[in-house]
Protein chains: 2
Amino acid sequence: MSSTIVHPAPESLWGKVSRLLLGRALRNDQLAEEKFTTFWGLPILSSDPISSVAYASEEILYVLIPVIGLLAYTQMFHIALAIVALLFILVFSYRQTIDAYPCGGGSYIVAHDNLGEIPGLTAAATLSIDYILTVAVSVAAGTAAITSAIPELLVHRVPIALFFILILTMGNLRGIKDSSRMFGLPTYAFIISMLIMIVYGIYKVHVGGFIPQTVPQMPVVAGEITFFLILRAFAAGCTALTGVEAVSNAIPNFKQPCQTKAKSVLAWLSLIVLVIFGGTSYLATLYHALPNPDSTVVAQIAGQVFGDSPMYYIVQFTTALILVMAANTAYTDFPLLMSLLAKDSYVPRQFAHRGGRLNFSNGIDFLGLAAAVLVIIFDGETHLLLPLYAVGVFASFTLSQSGMWWRWVKNKTPGWKHKAAINGFGAMVTFFTVLIIGATKFMSGAWIVCLLVPIFIYGMLKVKSHYVMVAEQLSLPLSEKAAELAGNEKQEKHIIIPLASLNRASFKALWYAKRLAGYSSIRAFHVAVDEDAAVKLRQKWADFNLEIPLIIRVSPYRDTIAPLLDYVRDEERTFGQGDLIAVVIPQFVVQKWWHNLLHNQTSYFIRSRLMKDPRIAIVTVPYPLREK
Amino acid sequence: MSSTIVHPAPESLWGKVSRLLLGRALRNDQLAEEKFTTFWGLPILSSDPISSVAYASEEILYVLIPVIGLLAYTQMFHIALAIVALLFILVFSYRQTIDAYPCGGGSYIVAHDNLGEIPGLTAAATLSIDYILTVAVSVAAGTAAITSAIPELLVHRVPIALFFILILTMGNLRGIKDSSRMFGLPTYAFIISMLIMIVYGIYKVHVGGFIPQTVPQMPVVAGEITFFLILRAFAAGCTALTGVEAVSNAIPNFKQPCQTKAKSVLAWLSLIVLVIFGGTSYLATLYHALPNPDSTVVAQIAGQVFGDSPMYYIVQFTTALILVMAANTAYTDFPLLMSLLAKDSYVPRQFAHRGGRLNFSNGIDFLGLAAAVLVIIFDGETHLLLPLYAVGVFASFTLSQSGMWWRWVKNKTPGWKHKAAINGFGAMVTFFTVLIIGATKFMSGAWIVCLLVPIFIYGMLKVKSHYVMVAEQLSLPLSEKAAELAGNEKQEKHIIIPLASLNRASFKALWYAKRLAGYSSIRAFHVAVDEDAAVKLRQKWADFNLEIPLIIRVSPYRDTIAPLLDYVRDEERTFGQGDLIAVVIPQFVVQKWWHNLLHNQTSYFIRSRLMKDPRIAIVTVPYPLREK
């Protein structure tokens with residue numbers, strides 16, 4: 001009686017185009033094959049923090065140099081050490097999170113689970129905003145790297161940035177494994193070229209005896225080294241840590257054993273950041289790099305280390321590339337976050353559906369679209385986007401750490417004091433960082449984020465309450481079965497057939513309606529523009545001897561839908577309480593989509609208006625036209 | 001049994017907003033009240049040619065001065081006389097057209113009627129392009145007049161131009177009479193201020209003894225007065241005649257007797273153009289106005305005539321205003337042309353429907369939108385738009401005149417030789433003008449028009465052939481009645497109910513399907529994502545004891561629509577040749593539009609795919625959710 005058949009997907013023209021661009025659709029049981037190994041997971045999930053290294057030391061110098069001049073180099077080194085220390089705290093803390101949440105432990109889950117709904121949604125809102133900003137900022141920065149090299153392209157920066165977003169979106173739509181190859185290589189290329197630069201740079205001075213550029217005369221600055229200054233510089237350097245979240249969020253994307261693989265990626269990540277961030281900070285001190293708008297700190301170091309050799313251009317090129325690729329972290333993480341929110345009913349369910357290539361294609365599309373809108377609104381200017389950035393990441397860090405801290409304090413599992421101390425310290429440090437970033441950047445753009453977060457939270461709560469309401473109204477307990485199935489046997493059936501004119505399509509509908517056995521009344525209904533038209537139709541009706549009563553109403557306002565709805569409502573009053581009404585709508589169907597533009601979509605509007613009435617069923621009788 | 005009831009339109013929230021902005025909906029029998037008198041028809045239909053006067057003499061001088069220097073003033077006067085003569089030829093010719101075509105005789109009708117389909121569509125295509133350009137050019141020029149006065153606004157010229165387009169569109173959507181008041185007054189203000197300037201300007205020199213500015217030293221030019229030069233200047237000045245078409249196209253918009261009123265508007269129009277064009281040309285000679293980019297010829301004259309008095313600013317302001325208002329001619333004429341094309345099935349039928357305010361609202365909306373797109377593409381620059389302009393008008397003039405000429409030659413009605421001579425001469429002159437404008441402006445933009453015209457014609461022919469095809473397939477001759485009505489009595493009915501899950505909405509559909517009496521088979525159908533889900537649903541189905549067989553197919557590609565379509569197709573093969581299939585679709589209905597974003601629109605896609613099968617009727621059983 002019932003059969004279970006595994007069935008291949010059919011292929012339309014759109015299907016062919018999409019397969020060509022995005023790859024062949026994958027079956028559910030192919031899901032396991034698409035997951036990360038440690039080797040490919042590392043570059044995918046860590047391109048964001050690793051790429052931040054490219055500008056983190058520069059950001060610190062930007063804060064320090066104008067105030068304390070040459071003393072900045074000493075201080076920078078201390079601050080860099082502090083940031084690396086914080087990184088290790090975060091890594092230890094997130095190792096604990098990975099153990100506690102083997103199915104993925106992003107800030108949203110940890111905060112929601114331990115602190116409640118509102119902190120969870122706050123983390124979700126700040127994170128989503130930050131992922132969108134990551135894409136917009138990274139792509140804009142990557143574009144800026146290119147337009148600095150080729151200034152003629154400056155006026156085309158928005159189309160170039162949009163093109164990068166398109167490439168990223170399509171690459172990610174192709175699927176997890178393919179995109180890990182595609183996006184993993186540039187990260188490794190960047191790491192290797194940075195390592196070469198650090199090793200050769202140190203060798204060149206200490207062994208080769210190269211004398212770096214002297215520092216140009218510095219404006220006399222005698223600012224004090226205040227605690228606040230150090231904190232500001234520290235906050236500026238913290239951009240190096242923005243992507244740590246990604247790894248613990250993406251645990252389900254790893255091959256089994258996924259927790260072990262995730263932890264080892266985290267360990268490698270911290271090691272790489274330590275070496276590259278420490279190394280470039282040391283080189284900056286060694287080579288007296290000074291931040292300026294025309295040339296980045298990394299570019300100044302590379303220029304002295306490699307001169308005008310190809311290696312200089314390779315460093316520049318891989319830096320530009322990894323900036324764009326950093327956006328890819330968001331493409332891996334944002335759709336995952338959205339799918340979690342969708343499963344909890346906080347965002348539209350469509351975000352939880354896997355597309356033909358087994359990824360969360362709706363999340364990928366949405367991210368690409370939102371980032372493109374940001375790039376257009378902010379005219380592709382990195383400077384305008386940056387102040388909105390980073391507040392969100394550290395707010396979600398704080399929420400996640402607090403959640404873990406509270407978890408240990410509450411559960412008191414073995415060794416909880418030690419673990420709570422790590423998470424509690426992390427929460428405190430990140431919380432202060434949020435305050436500092438928020439305070440220094442509020443007027444220049446962070447207020448937009450502070451405004452958007454509550455709006456997002458409100459929206460997510462509204463969506464949730466809608467889904468709860470729908471589920472309540474649709475749920476069907478077994479106990480109600482008897483009453484529901486019996487129905488009201490005294491119900492009558494009434495049929496109404498609205499007609500625009502008397503043609504083959506409406507004729508078919510009339511004929512079909514008459515075959516719907518068991519009705520107690522049947523009426524055709526027409527809205528005429530004037531009395532003449534009404535008389536003509538009535539004559540034709542009589543000629544055809546149609547045996548169905550015809551009701552005509554004249555609408556002097558040229559509106560055909562409202563009179564029909566009024567007629568149906570009038571008739572309903574004369575029917576019995578539980579009676580059913582079938583509205584039989586004739587509809588001729590064109591073969592090509594653009595043909596629809598040539599016809600009124602009246603039947604569509606009629607249908608959507610009638611559907612609000614629980615007593616009405618709508619019977620659409622299609623009359624497909626042949627292709628010519 | 002059948003009743004005819006006049007019914008008031010209902011009012012939704014959107015209805016209230018739209019009434020506030022656009023005025024109350026009008027009844028069909030109010031149509032007569034909305035038509036033009038001569039007094040209000042004149043400014044509405046002639047703002048285009050009258051406003052052209054503001055720059056026609058300037059255009060002539062631009063061509064002549066660089067070649068022949070001071071001799072230009074003498075030649076300009078001759079050319080102005082020739083243009084006025086051409087205007088009189090056109091007026092005489094169009095009086096003949098009005099007599100021959102009392103229901104409106106635009107180029108499209110005249111060319112279509114006398115020369116055939118392709119010439120008619122050519123006229124229609126050139127005219128529609130020109131109407132859209134009229135709006136874009138006039139609005140851009142009007143904006144330029146404002147931004148010249150207030151240079152700070154220059155960067156905002158696109159939003160300002162779009163705002164003007166919005167105002168024009170809304171004003172025209174309000175209806176004919178209202179808009180005639182709103183747009184008629186500026187034309188009269190312009191006419192009056194120009195008359196004052198001409199009379200006082202002549203008085204000031206000849207009676208008051210004012211000595212105008214001397215001509216600054218002229219670069220030594222010794223160009224020859226060639227025939228070609230004169231023709232080019234003549235063509236440049238012909239912009240003064242671009243709007244004559246409007247009157248004969250708009251005959252049905254006049255009150256009865258409409259032909260008399262239209263002819264008298266044409267007579268007044270030619271008189272006003274004669275006086276203002278002749279007057280400003282004479283003043284330009286008298287006051288030695290020199291065309292230059294900073295100050296228009298009219299502005300130079302007004303500056304000398306009125307000094308720095310308020311009257312100077314009034315002339316400038318009314319000039320700016322009438323330039324924007326000139327766009328209004330297109331708003332009156334384009335929707336009419338489109339409605340004619342729609343009645344002949346060359347463009348979508350919707351263009352022939354009168355909106356709530358009795359005007360062709362779709363044509364008005366389309367014109368506004370198309371002009372806005374042009375303004376955005378060409379960045380609000382008049383110079384970039386001008387080369388596309390005027391070719392179209394004169395091409396349609398030529399087609400219309402040739403049509404009239406052929407009509408006289410063919411029909412040989414009394415006095416045909418005289419009439420044919422007038423139209424034939426007009427056709428020749430306008431044809432040469434087309435050649436000249438086309439040749440001089442081809443590279444700078446006229447090629448776009450030459451490319452668009454055949455594309456438009458192709459499109460219109462495709463639309464026509466679609467409507468013909470639909471009409472053929474839908475037409476229902478009385479002779480077929482018996483055969484159609486009988487139907488195939490051996491047909492069986494089969495019911496298929498696709499279900500996403502077992503909830504109240506699908507339960508209602510199942511229950512409804514069972515009440516569709518007389519079926520010979522009934523099946524519920526479900527697509528499961530995997531075997532587990534299939535087993536679960538089958539258990540629940542058994543618990544509810546639903547008495548309807550359940551078919552489950554597993555789709556490993558997460559696609560639910562294709563397996564359903566395949567199932568229906570498979571089943572169809574087992575049914576009899578003429579059997580009918582009712583697909584009963586359960587659909588829960590949300591109360592607010594945005595709730596639809598939260599749910600898959602699967603049933604919509606299922607419906608639109610199933611509708612291509614003539615044996616399937618789709619029964620939608622709505623389950624409206626309550627508002628909470």
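Hi everyone. Let me start inside chain B, where strand 1 and strand 4 (residues 580-589) run parallel and pair over four bridges. One of the matched positions there is B:I495, whose bridge partner in strand 4 of chain B is B:A582. Please keep in mind as we go that this is a predicted model.

Let's stay with strand 1 of chain B for a moment. Strand 1 covers residues 493-499, and it also pairs with strand 2 of chain B, again in the parallel sense, this time over six bridges. Two of the matched positions are handy if you want to follow along on screen. B:H494 stands opposite B:S521 in strand 2 of chain B, and B:I496 has B:R523 as its bridge partner in that strand.

So how many residues of strand 1 of chain B are buried? The count is seven of seven, so the strand is largely enclosed by the rest of the structure. In a regular strand, side chains alternate between the two faces of the sheet. Here is how that looks in our case: B:K493, B:I495, B:I497 and B:L499 point one way, B:H494, B:I496 and B:P498 point the other way, and all are buried.

Now step over to strand 2 of chain B, residues 521-528. This strand is mostly covered as well, with seven of its eight residues buried. Beyond strand 1, strand 2 of chain B also runs parallel to strand 3 (residues 550-554) of chain B, and five bridges join the two. If you look for B:A528, you will find B:V554 of strand 3 of chain B opposite.

What lies between those two strands in the unit they form? The answer is helix 19 of chain B, residues 531-544: together with strand 2 and strand 3 of chain B, this helix makes a right-handed β-α-β unit.

Next, a helix in chain B. Helix 11 spans residues 297-306, and B:V305 has its place there. Nine of the 10 residues in helix 11 of chain B are buried, so we can call the helix mostly covered. Among the buried ones are B:V297, B:I301, B:V305 and B:F306. Just after the helix comes B:G307, with a positive phi near 60 degrees.

B:V305 itself deserves a closer look. Its relative accessible area is 1%, so B:V305 counts as buried. And which residues does B:V305 touch, leaving aside those up to four places away in sequence? They are B:M197, B:Y200, B:G201, B:K204 and B:Y287. Take B:G201 from that list: it is 104 residues from B:V305 along the chain, yet their C-alpha atoms are separated by 5.5 Å.

Let me turn to the aromatic rings. Searching the whole structure gives 34 aromatic pairs over all chains. One example is A:Y604 with A:F605: the ring centres are 5.5 Å apart and the planes are at 75 degrees, so this pair is edge-to-face. A:Y604 is partly exposed, at 41% relative accessibility, and A:F605 is partly exposed too, at 44%.

Compare that with B:F39 and B:Y188, an aromatic pair that is stacked, at 4.8 Å centre to centre and 15 degrees between the planes. This pair links distant parts of the chain: B:F39 is in helix 2 (residues 38-68) of chain B and B:Y188 is in helix 7 (residues 176-206) of chain B, 149 residues apart. Are the two partners buried or exposed? B:F39 counts as exposed, at 51% relative accessibility, whereas B:Y188 is buried, with a relative accessible area of 17%.

Over in chain A, ring pairs link A:Y131, A:F334, A:F351 and A:F366 into a cluster. Chain A also has charges sitting over rings. The charged end of A:K204 is over the ring of A:F210, 4.4 Å from its centre, and the charged end of A:K412 is over the ring of A:W416, 4.7 Å from its centre.

Finally, the overall picture of chain A. This chain has 21 helices and five strands, and 55% of its 628 residues count as buried. Of the contacts in chain A between residues at least 6 apart in sequence, 80% join residues at least 24 apart. Chain A exposes about 27000 Å², with carbon and sulfur atoms supplying 66% of that area.

Thanks for listening!

Definitions and conventions. Residues are numbered from 1 along each chain as its sequence is written. Chains are lettered from A and ligands numbered from 1 in the order in which they are written. This is a predicted model: local features need pLDDT of at least 70, side-chain atom pairs count only at pLDDT 80 or more; totals for chains, interfaces and linings use all residues. Side-chain values use heavy atoms; hydrogens and water are left out. Buried means under 20% relative accessible area, exposed over 50%, partly exposed in between (1.4 Å probe, protein chains only). Two strands pair if DSSP finds at least two bridges between them. A crossover is right-handed if, with the strands pointing away from the viewer, the path from the first strand over the helix to the second runs clockwise. Contact means heavy atoms within 4.5 Å. Accessible areas come from the Shrake-Rupley method with a 1.4 Å probe; for residues, only the protein chains shown count as cover. Rings of Phe, Tyr and Trp (its six-membered ring) pair if their centres lie within 6.5 Å; planes under 30 degrees apart count as stacked, over 60 as edge-to-face and the rest as tilted. A charge sits over a ring if NZ of Lys or CZ of Arg is within 6 Å of the ring centre and within 35 degrees of the ring normal.
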